Amino acid sequence: MRALCHTDTIAEGQSKGFELEGQSVFVVHKQGQFFVYHNQCPHLGINLEWLPDQFLDSDGCLIQCAMHGALFLIEDGQCIAGPCQGQRLRAVAHEIRDGRIWADL
């Protein structure tokens, strides 16, 4: 397991990207929970964000792919709109320990 950051680093309703061991991942903080995914759209395999740490739609309710606008549920990565509808983001196993987010890469 690798420490990504302290939980205080990502405010409620925000997201943040990380590069670790050659892998791109991101974390979303929603309703006191942290969700971690590989930063890869299932449609073309590209990174999701168009600006650093911008993984959410304008309402902060869904994860959005900047390339084609695909929308994903934060809670499980399921694509609910766009060219990869029915597919999902790859979740990263993680845990919160000692006030930090640890990811199993």
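Let's start with strand 6, residues 71-73, which pairs with strand 7 in the antiparallel sense over two bridges. If you want a spot to click on, take Leu-71: its bridge partner in strand 7 is Ala-81. Keep in mind as you look around that this is a predicted model.

Now zoom out a little. Strands 6 and 7 belong to an open sheet of three strands, ordered 5-6-7, with antiparallel pairing. Strand 5 (62-64) and strand 7 (79-81) are the edge strands, each pairing on one side only. Neighbouring strands in this sheet are turned against each other by 40 degrees on average, direction ignored.

Next, go back along the chain to strand 3, residues 23-30. Is it mostly covered or mostly open? Mostly covered: six of its eight residues are buried, meaning under 20% relative accessible area.

Strand 3 has partners in strands 2 and 4. With strand 2 (residues 15-20), it pairs in the antiparallel sense over six bridges. One pair to look up here is Lys-16, whose bridge partner in strand 3 is Val-27. Strands 2 and 3 form a hairpin with two residues between them, and Glu-21 in that turn has a positive phi of about 50 degrees.

Then there is strand 4, residues 33-38, which also pairs with strand 3 in the antiparallel sense over six bridges. Here you can find Lys-30 standing opposite Gln-33 of strand 4. Strands 3 and 4 form a hairpin too, with two residues between them. Which residue in this turn has a positive phi? That's Gln-31, at about 50 degrees.

Note on methods: Residues are numbered from 1 along each chain as its sequence is written. This is a predicted model: local features need pLDDT of at least 70, side-chain atom pairs count only at pLDDT 80 or more; totals for chains, interfaces and linings use all residues. Side-chain values use heavy atoms; hydrogens and water are left out. Two strands pair if DSSP finds at least two bridges between them. Helices (H or I, at least four residues) and strands (E, at least two) are DSSP runs, numbered from the N terminus. Axes are lines fitted to C-alpha atoms, for helices over the stretch in contact, and angles run from 0 to 180 degrees between N-to-C directions. Buried means under 20% relative accessible area, exposed over 50%, partly exposed in between (1.4 Å probe, protein chains only).
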